[in-house]
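Please keep the sequence and the 3D view open while you read. The points below are short, and each one can be checked on the structure.

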Amino acid sequence: ARCFFMDDVSTGLDSSTTLQIMTFLQQMAHLMDLTMVVSLLQPAPETLELFDDIILLCEGKIVYHGPRQNVTGFFNAIGFRCPSRKNVADFLQEVSINYNK
């Protein structure tokens, strides 16, 4: 299996550069049938949209693992609603902290 593991590849980069890098990595993963595990802290909404799946961790425990498009529905079902004015990445950071309490 061909896998890439990348930790916080956006450190020191602006959101536009991060988006360009993540777009390239997404294209590479899809075209070459690769698995990539990338950690990012508070990605911009456009960057988050590039992910197929999300693993959301809090204090070393998995809070959510599944398709990106299902993450807000999962949290809605257990009582955590993402306000329309908030981007999903910020919501996920906040809800993961509250989920473990």
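Which residues form a nonpolar patch on the surface? Keep that question in mind; point 2 takes it up.

1. Status of the model. This is a predicted model. Treat every contact below as part of that prediction.

2. The surface patch. The patch consists of Ile55, Leu57 and Ile62. Together they have about 310 Å² of accessible area. Take Ile55 as an example. Ile55 lies in strand 3. Its relative accessible area is 49%. The range for partly exposed ends at 50%, so Ile55 counts as partly exposed.

3. Two faces of strand 3. Strand 3 covers residues 53-58. Its side chains alternate. Ile54, Leu56 and Cys58 point to one face, and they are buried. Asp53, Ile55 and Leu57 point to the other face and are not buried. Two members of the patch, Ile55 and Leu57, are on that second face.

4. The partner strand. Strand 4 covers residues 61-67. It pairs with strand 3 in the antiparallel sense, over six bridges. Leu57 stands opposite Ile62 of strand 4, and both belong to the patch. Asp53 stands opposite Pro67, also in strand 4.

5. The turn. Strand 3 and strand 4 form a hairpin with two residues between the strands. Look at Glu59 in this hairpin. Glu59 takes a positive phi near 50°.

6. The largest pocket. How much space lies in the largest pocket? About 1000 Å³. Its lining has 33 residues. Val38, Phe51, Asp53, Ile54 and Ile55 lie nearest its centre. Strand 3 gives the largest share of the lining, with six residues. Helix 1 (15-32), strand 2 (35-39), strand 3 and helix 4 (88-99) each supply at least two lining residues.

7. Salt bridges. How many salt bridges does the structure hold? It holds two. Side chains of opposite charge can pair when their charged atoms come close.

8. One of the salt bridges. The side chains of Glu49 and Arg68 meet at 3.3 Å, N to O. Glu49 lies in the loop between helix 2 (45-48) and strand 3, and Arg68 in the loop between strand 4 and helix 3 (71-77), so the pair ties together parts that are 19 residues apart in sequence. Is Arg68 buried or exposed? Its relative accessible area is 18%. The cut-off for buried is under 20%, so Arg68 is buried.

9. The salt bridge of Lys86. The side chains of Lys86 and Glu94 meet at 2.9 Å, N to O. Lys86 is partly exposed, with a relative accessible area of 26%. Glu94 is partly exposed as well, at 40% relative accessibility.

10. A residue of helix 4. Ile97 lies in helix 4. With a relative accessible area of 45%, Ile97 is partly exposed. Now find Met32. Ile97 and Met32 are 65 residues apart along the chain. Their C-alpha atoms are separated by 35 Å.

Methods:
Residues numbered from 1 in each chain as written. Predicted model: local features only at pLDDT ≥ 70, side-chain atom pairs only at ≥ 80, totals over all residues. Heavy atoms only, no water. Buried < 20%, exposed > 50% of the residue type's maximum accessible area, 1.4 Å probe, protein only. Helix = DSSP H or I, 4+ residues; strand = E, 2+ residues; numbered from the N terminus. Pairing = 2+ DSSP bridges. Patch = residues over 30% accessible without salt bridge, like charges linked within 9 Å, V, L, I, M, F, W, Y side chains within 5 Å. Areas by Shrake-Rupley, 256 points an atom, 1.4 Å probe, with all protein chains shown as cover. Salt bridge = Lys/Arg side-chain N within 4 Å of Asp/Glu carboxyl O. 1 Å grid on protein atoms, 1.4 Å probe; cavity = no way out; pocket = protein on both sides within 12 Å on 5 of 7 lines; lining within 4 Å. Points joined across faces, edges and corners; volume = space filled by probe spheres on them.
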